[in-house]
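User: I'm new to this and keep tripping over the vocabulary. Can we go through this protein and check each word against its rule?

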Amino acid sequence: MGWIITLIVGGLIGWLASKVMGTDAQQGIIANVLVGIVGSALGRWIFGSVLGIGAADNAGAFSLTGLGFGILGAVILLFVLKLLGVFK
């Protein structure tokens, strides 16, 4: 059951981040899930480990703070992918 929740929350985070970054038309559901899961891990690492924000340990969890830090991490990931030319 944990993997199903991970996929659903990852898809939600990836979709919201793609709306923020304007890449929604270029991504499918699988890309949204991958961006959401990798972005959540990135958000947890950047905001939790590097910057020391304690609430960032919830990144990717189905809570308001978890979704927030997950979306921030996914937006950073999409920004880097846009710089590399993966998305326009």
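**Checking the words against the rules**

Analyst: Sure, starting with burial: 39% of the 88 residues in the protein are buried, where buried means under 20% relative accessible area, exposed over 50% and partly exposed in between, with a 1.4 Å probe and protein chains only. This is a predicted model, in which local features need pLDDT of at least 70 and side-chain atom pairs count only at pLDDT 80 or more, while totals for chains, interfaces and linings use all residues. Residues are numbered from 1 along each chain as its sequence is written, and side-chain values use heavy atoms, leaving out hydrogens and water.

User: What makes the pattern of the protein α-α-α?

Analyst: The protein has three helices and zero strands. Helices are DSSP runs of H or I with at least four residues, strands are runs of E with at least two, and both are numbered from the N terminus.

User: How do you know that the radius of gyration agrees with a compact globule?

Analyst: The rule, taken over C-alpha atoms, is 2.2 Å times the number of residues to the power 0.38. With 88 residues that gives a value near 12 Å, and the protein has 12 Å, so the two agree.

User: What span is expected for helix α1, and what does it reach?

Analyst: The expected span is 1.5 Å times one less than the number of residues. Helix α1 (residues 2-21) has 20 residues and reaches 28 Å from its first C-alpha to its last, close to the 28 Å expected. Among its buried residues are Val9, Ile13 and Ala17. The buried residues of α1 pack against α2 (29-50) and α3 (64-83).

User: Which residues is Ala17 in contact with?

Analyst: Contact means heavy atoms within 4.5 Å. Leaving aside neighbours within four places in sequence, Ala17 is in contact with Ile71, Ala74, Val75 and Leu78.

User: What makes a set of residues a nonpolar core?

Analyst: The members must be buried Ala, Val, Leu, Ile, Met, Phe, Trp, Tyr or Cys, joined through side-chain atoms within 4.5 Å. The largest one here has 13 residues, and those with the most contacts inside it include Ile13, Ala17 and Val35. The largest share of this core, seven residues, comes from α3.

User: Why is the pair of Phe47 and Phe69 called tilted?

Analyst: Rings of Phe, Tyr and Trp (its six-membered ring) pair if their centres lie within 6.5 Å; planes under 30 degrees apart count as stacked, over 60 as edge-to-face and the rest as tilted. Phe47 and Phe69 are 5.6 Å centre to centre with 50° between the planes, so they pair and the pair is tilted. Both Phe47 and Phe69 are buried.
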